[in-house]
Structure formats: C-alpha cells, structure tokens
Amino acid sequence: MSNKPIQPQRPERRGVMFVVSSPSGAGKTTLTRRMLSEMAGVELSVSATTRKRRPDETEGKHYYFKTREEFEELIKNDELLEWAEVFGNYYGTPRGEVERLQRKGTDVLFDVDWQGARVLKQVMPGDVVSVFILPPSIAELKSRLEGRPGATPANVKERLSGAGPDIKRWGEYDFVLINDDVETAYDELCAILITERLDRRKPSQGARVDKLLFDAEHLELLF
Ligand SMILES: Nc1nc2c(ncn2[C@@H]2O[C@H](COP(=O)(O)OP(=O)(O)O)[C@@H](O)[C@H]2O)c(=O)[nH]1
Ligand SMILES: Nc1ncnc2c1ncn2[C@@H]1O[C@H](COP(=O)(O)OP(=O)(O)O)[C@@H](O)[C@H]1O
C-alpha cells in the first residue's frame, strides 16, 4: 500500500445565489446591468415573462418572452423553480437556467420580486444572499418612473401603488441599500457580493485553504 499523501479533494465551487429586489423604478435594472457588465464571475438568471419586450431588451439576454399559453405550459411541466404574477404578467425562473449556471460555478444574479426571493431562499438555503434596493423618497421614485422610456400615467400609477406593499417586505432581506447617488449604490451592491465571496463558511473558501494547508504540510512534494 502506498503511503503517498492524498491531496484533499476540492469540492466544486458553489456560486453565490445573489437575489436582488426593489420596488419598480428604484433603479435595480440600472445597478444590476452595470454589475453584470463590469464584474467578472457573475451571470444573470434570465427569467421567463409574459410582459411585452421593451425597446432596450433582448430575447434570451434580459428575458425569455412568452405568451400566456407558453408560460402556463412551463408551469404545467414543472420547468420553473419559482414563478409569480406581478402587475398582471407572469414572471418565473427557469430551472434549467439556474442548473446550467450552477454547473459553471459562477455566481448567479436573480432579479426577482419578494415572492421569488422568498422561494429561492427556501429552495437554496445557505447559498442565497438577498438585497433590497430602495429609492431615497417616494417623490423621487415617482419621477424616476415617469422618466423611463415608455412610461404612461397608468403604468406609473400602477407601479407606484405597488411600492408600499413591496417596501413592507424589507425585513425578509439580508441587506438593504438606498439608491440615492447611483455611484454609491453601485459600490455598495458590489461590496455585498464581494463580501459574500470571501465568507469563510463558503465551501469554496474551505477548498482554497485546504490546498494551501496541504502544500504547507508537504513541502517535500513542492520543492
Ligand atoms: N418572482 C419573480 N419575479 C420576477 C422575475 N423576473 C422579474 N421579476 C420581477 O418582476 C417585477 C417587474 O419586472 P419588470 O417587468 O422587468 O419591470 P420593472 O421592475 O418595472 O423594470 C420586478 O420586481 C422583477 O424583479 C422572476 O423570474 N420571478
Ligand atoms: N441613483 C439614481 N439617480 C437618478 N436616477 C436613477 C438612479 N438609478 C436609476 N435611475 C433612473 O431611474 C429609472 C428607473 O430605473 P430602473 O433601473 O429602470 O429601475 P427598476 O429596474 O428598479 O424598475 C431609470 O430611468 C434610471 O435611469
């Protein structure tokens, strides 16, 4: 029998499941799109929705756009990890999308409402960290909603009336940040993800330390 020391088995890296919610218009899309384009190692879980595509959105990159019939088929076939109806449209997280990103070992960003955040916490306990983004005031929220391309008085009113019920859920999130100055809010959002990556309790951190310790205790194998 060989008594050659065995290198510790490296468990596969389990990414951070980074869940971000906000009342509509608070700036979640602005902040998360920037994070996805500037930060390495994090990818979007692209949701399916029955909402109409906006001019700046691309099929398969921002959402998978579906008819109600197609979406109901996804529900029936259990292809969604979670789904909810928001402002009269269906939104849901495809299981395949999350499995694919988890296999890659990247961090996964979920842009979901409070209902989705709650389910994701239940189905991936230990992996989810959640952030709630708030506007600095309701007056500012209204003016951001009004300033968005395609805004109509009716959809501004609908989204504004959803703000109170959304804000009530703030206590269910791990982190809460106020998007007043966009640069500060962006730095804070990145800081949360970076802190999570460095958490000692993450399995990938243990694997990195195991490797260092193994090498430190078997210098003869190295030099
Ligand atoms: N539960 C759940 N909510 C989602 C999903 N995708 C998007 N949402 C939420 O649906 C809401 C409406 O999103 P959207 O139509 O893009 O509008 P916006 O918030 O006005 O930009 C937001 O709160 C999103 O976070 C999903 O897959 N599941
Ligand atoms: N910190 C900020 N200051 C001023 N305007 C902002 C700020 N963050 C976002 N906005 C603007 O507010 C509007 C709503 O932002 P958006 O990212 O679409 O919100 P959400 O995804 O939360 O619905 C957009 O026109 C965006 O450019």
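UniProt positions are given here in the numbering of this structure, and such annotations may be inferred rather than shown by experiment.

**View 1. The whole chain, a predicted model.** The protein has 223 residues, of which 27% are buried. Its secondary structure comes to nine helices and nine strands. Along the principal axes, the C-alpha trace spans about 75 × 40 × 30 Å. Among the contacts with a separation of 6 or more, 69% join residues 24 or more positions apart.

**View 2. The annotated domain, residues 15-194.** An unreviewed UniProt entry gives this stretch the annotation "domain: Guanylate kinase-like". Helix makes up 43% of residues 15-194 and strand 24%. The C-alpha atoms at the two ends of the stretch are 12 Å apart.

**View 3. The shell around ligand 1.** Ligand 1 is surrounded by 17 residues. Ser24, Ser47, Tyr91, Val112 and Gly116 are the closest. Three elements each supply at least two residues of this shell: strand E5 (80-86), strand E6 (89-94) and helix H4 (114-123). By class, the shell holds eight polar, five charged and four nonpolar residues.

**View 4. The shell around ligand 2.** Here 14 residues surround the ligand, and Gly27, Thr29, Thr30, Arg144 and Val182 come nearest. Helices H1, H5 (138-147) and H7 each give two or more residues to the shell around ligand 2. H1 provides the largest share, three residues. Eight residues of this shell are polar, three are nonpolar and three are charged.

**View 5. Helix H7, residues 182-197.** H7 has 16 residues. From first C-alpha to last, the helix reaches 23 Å, close to the 22 Å expected at 1.5 Å a residue. Ala185, Leu189 and Leu193 are buried in H7. Seen down the helix axis, these buried residues fall within an arc of 75 degrees, so they line one face of H7.

**View 6. The two sides of helix H7.** The buried residues of H7 pack against strands and one other helix. The strands are E1 (17-21), E2 (42-44), E7 (107-111), E8 (128-134) and E9 (175-178). The helix is H1 (28-38), which also contributes to the shell around ligand 2. Turned away from the buried side of H7 is a face with the exposed residues Glu183, Thr184, Asp187, Ala191, Ile194 and Thr195.

Methods: Residues are numbered from 1 along each chain as its sequence is written. Chains are lettered from A and ligands numbered from 1 in the order in which they are written. This is a predicted model: local features need pLDDT of at least 70, side-chain atom pairs count only at pLDDT 80 or more; totals for chains, interfaces and linings use all residues. A residue is near a molecule or strand if its C-beta atom, placed from the backbone, lies within 6 Å of it. Helices (H or I, at least four residues) and strands (E, at least two) are DSSP runs, numbered from the N terminus. Ala, Val, Leu, Ile, Met, Phe, Trp, Tyr, Cys and Pro count as nonpolar, Asp, Glu, Lys and Arg as charged, and the others, Gly among them, as polar. A residue is buried if 20 or more other C-beta atoms lie within 10 Å of its own, exposed if 12 or fewer, and partly exposed in between; C-beta atoms are placed from the backbone. Two residues are in contact if their C-beta atoms, placed from the backbone, lie within 7 Å. The expected span of a helix is 1.5 Å times one less than its number of residues. The arc is that of the directions from the helix axis to the C-beta atoms.
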